[in-house]
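Colleague: Before I rely on any of the labels, could you take me through the reasoning behind them?

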Amino acid sequence: MLDLSEKYSKNNMDGIAATGRMIFRYAVELGIMKVNPIENFKLPKQQTKVEDLESAEEKIKYPPDTSLL
């Protein structure tokens, strides 16, 4: 999971972790496994790189109101 978190986005990793949690929880219910290995697993926070911040264009959230001009 830690290796994958370096390659994929946070949303993808959240989905992978949730799916794994459900699969392992079901395996414990069926008696296939005794312990859910991902039960207490927490994904590391992804750090934003300086290069990404510098290369990202600034987005305007709201267009300027031209009717006031």
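Modeller: Buried means under 20% relative accessible area, exposed means over 50%, and partly exposed is in between, with a 1.4 Å probe and protein chains only. This is a predicted model, in which local features need pLDDT of at least 70, side-chain atom pairs count only at pLDDT 80 or more, and totals for chains, interfaces and linings use all residues. Residues are numbered from 1 along each chain as its sequence is written, and side-chain values use heavy atoms, with hydrogens and water left out.

Colleague: Why does leucine 4 count as partly exposed?

Modeller: Its relative accessibility is 31%, and because partly exposed lies between the limits of 20% and 50%, leucine 4 counts as partly exposed. Leucine 4 is placed in helix α1, residues 2–7, where helices are DSSP runs of H or I with at least four residues, numbered from the N terminus.

Colleague: How do you know that the span of helix α2 agrees with what it should be?

Modeller: The expected span is 1.5 Å times one less than the number of residues, so the 21 residues of α2 (residues 10–30) should span 30 Å, and the end C-alpha atoms are indeed 30 Å apart.

Colleague: Which residues of α2 are buried, and what makes them line one face of the helix?

Modeller: Met13, Ala17, Gly20 and Ala27 are buried in α2. Seen down the axis, the buried residues of α2 fall within an arc of 90°, so they line one face; the arc is that of the directions from the helix axis to the C-beta atoms. Asn11, Met22, Tyr26 and Glu29, on the other side of α2, are exposed.

Conventions. Helices (H or I, at least four residues) and strands (E, at least two) are DSSP runs, numbered from the N terminus.
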